[in-house]
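Work through the exercises below with the sequence and the coordinates open. Each task is followed by a solution in steps.

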Amino acid sequence: MFTGIVEELGEVVAVTDLPDAARVTIAGPIVTGDAKHGDSIAVNGVCLTVVDVVDGAFTADVMRETLVRSSLAKVTEGDKVNLERAAAVGQRLGGHIVQGHVDGTGVVLARERAEHWELVHIGLPPDLARYVVEKGSITVDGVSLTVVSVSDVDAAGGTSAEFTVSLIPTTLELTTLGRRAPGDHVNLEVDVLAKYVERLALPHLRAEEVR
């Protein structure tokens with residue numbers, strides 16, 4: 001489990017394509033300080049298992065399912081990535097409960113700059129929109145954020161959804177979100193509690209419908 005509080009901005013130093021998979025090596029002296037084989041590190045919000053640690057960098061294998069669902073399929077050498085080690089029992093939960101299991105990707109639509117913060121508009125996949133609520137939590141590229149607003153927009157005759165998040169200077173400076181431009185894809189993980197509630201409530205809602 002993670003908290004969505006990024007510890008370090010790492011750098012991809014190598015990417016090796018494998019059959020239906022990829023192997024990535026990422027430099028991150030903070031997260032590798034106590035890392036060992038089998039540990040979990042979130043990379044742009046994706047939980048990866050450490051295969052090896054050498055000279056402040058760790059290597060991890062990325063399976064096909066992760067490549068399909070996340071933006072890690074597009075990472076290349078030199079890219080900056082958000083890094084967070086798994087939460088330790090007893091520490092403060094500064095963000096919210098994050099599994100590191102990406103639900104899909106969104107697209108940065110626009111950025112509105114202010115003097116001390118920035119509002120970012122992100123396109124939301126239709127199948128995830130129902131889990132995103134105003135003032136709720138969402139993970140964007142591994143960063144725990146509070147949803148400012150959620151809205152439906154008319155895109156070329158169809159309907160799609162978007163949400164906004166407000167980023168403070170620290171988030172803009174210390175994570176990849178300060179570098180994301182309109183058109184860039186970002187990893188999204190919705191609040192897992194919302195999915196559990198829906199799963200538990202659905203049979204009861206269906207039962208009411210047939211009465």
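**Exercise 1. The surroundings of strand E2**

Which residue in E2 is the bridge partner of Ala14? Then describe the strands that E2 pairs with and state why E2 is largely enclosed by the rest of the structure.

*Solution.*

Step 1. The model is a predicted one. Ala14 has Thr25 of E2 as its bridge partner.

Step 2. Place this bridge in its ladder. Strand E1 covers residues 8-18, and its pairing with E2 is antiparallel, with seven bridges.

Step 3. Look at the connection. E1 and E2 make a hairpin with two residues between them. Asp20 lies in the turn and has a positive phi of about 60 degrees.

Step 4. Turn to the other pairing. E2 is also joined to strand E5, residues 57-63, by seven bridges, and the two run antiparallel. Here Ala21 is matched with Met63 in E5.

Step 5. Check burial, with under 20% relative accessible area as the cut-off. Strand E2 spans residues 21-27, and five of its seven residues are buried, so the strand is largely enclosed by the rest of the structure.

Step 6. One general point helps when reading the side chains: in a regular strand they alternate between the two faces of the sheet.

**Exercise 2. The pairing of strand E7**

Which strands pair with E7, and how many bridges does each pairing have?

*Solution.*

Step 1. Take E12, residues 185-190. Its pairing with E7 is antiparallel and has four bridges. Within this pairing, Gly106 has Val186 of E12 as its bridge partner.

Step 2. Take E8. This strand also runs antiparallel to E7, and six bridges join the two. Glu112 is bridged to Leu119 in E8.

Step 3. Add the connection: E7 leads to E8 through a hairpin of four residues.

**Exercise 3. The enclosed cavities**

How many cavities of 30 Å³ or more does the structure hold? Give the volume and the lining of each.

*Solution.*

Step 1. There are two cavities at or above that volume.

Step 2. The largest has a volume of about 50 Å³. Its lining consists of Val108, Arg111, Val120, Ile122, Val140, Val165, Leu167, Leu177, Arg180 and Val186.

Step 3. Assign the lining to elements. Strands E7 (104-113), E8 (118-124) and E11 (158-167) each contribute at least two residues to the lining of the largest cavity. Val186 is also in this lining, and Val186 is the residue of E12 that bridges to Gly106.

Step 4. Sort the lining of the largest cavity by class: eight residues are nonpolar, none is polar and two are charged.

Step 5. The second largest cavity holds about 30 Å³. Phe2, Gly4, Ala42, Gly45, Glu84, Val98, Gly100, Thr139 and Gly142 line this cavity. By class, these are three nonpolar residues, five polar and one charged.

**Exercise 4. The open pockets**

What are the volumes of the largest pocket and the second largest pocket, and which classes of residue line them?

*Solution.*

Step 1. The largest pocket contains about 310 Å³ of space. Its lining has 16 residues, and those closest to the pocket centre are Ile5, Val143, Ser144, Ile168 and Thr171.

Step 2. Two elements, strand E10 (143-155) and helix H2 (169-174), give two or more residues to this lining. E10 has the largest share, with four residues.

Step 3. The classes in the lining of the largest pocket are six nonpolar, nine polar and one charged.

Step 4. The second largest pocket has a volume of about 270 Å³. Its lining includes Asn44, Ser71, Lys74, Asp79, Lys80, Arg179, Asp184 and His185. Its classes are two nonpolar, four polar and six charged.

Step 5. Compare the lists for shared residues. Arg180 lines the second largest pocket and also the largest cavity.

**Exercise 5. The chain as a whole**

How many helices and strands does the protein chain have, and why can the chain be called as compact as a globular protein of its length?

*Solution.*

Step 1. The chain has three helices and 12 strands.

Step 2. Its radius of gyration is 18 Å and the globule rule gives 17 Å for 211 residues; the two are close, so the chain is as compact as a globular protein of that length.

Step 3. The C-alpha trace spans about 60 × 45 × 40 Å along the principal axes.

Step 4. Of the 211 residues, 41% are buried. Among contacts with a separation of 6 or more, 68% are between residues 24 or more positions apart.

Methods. Residues are numbered from 1 along each chain as its sequence is written. This is a predicted model: local features need pLDDT of at least 70, side-chain atom pairs count only at pLDDT 80 or more; totals for chains, interfaces and linings use all residues. Side-chain values use heavy atoms; hydrogens and water are left out. On a 1 Å grid over the protein atoms alone, a cavity is a set of points where a 1.4 Å probe fits but cannot get out, and a pocket is an open set with protein on both sides within 12 Å along at least five of seven lines; lining residues have an atom within 4 Å of a point. Grid points are joined across faces, edges and corners, and a volume is the space filled by probe spheres set on the points. Ala, Val, Leu, Ile, Met, Phe, Trp, Tyr, Cys and Pro count as nonpolar, Asp, Glu, Lys and Arg as charged, and the others, Gly among them, as polar. Buried means under 20% relative accessible area, exposed over 50%, partly exposed in between (1.4 Å probe, protein chains only). Two strands pair if DSSP finds at least two bridges between them. The radius of gyration is taken over C-alpha atoms; the globule rule is 2.2 Å times the number of residues to the power 0.38. Contact means heavy atoms within 4.5 Å.
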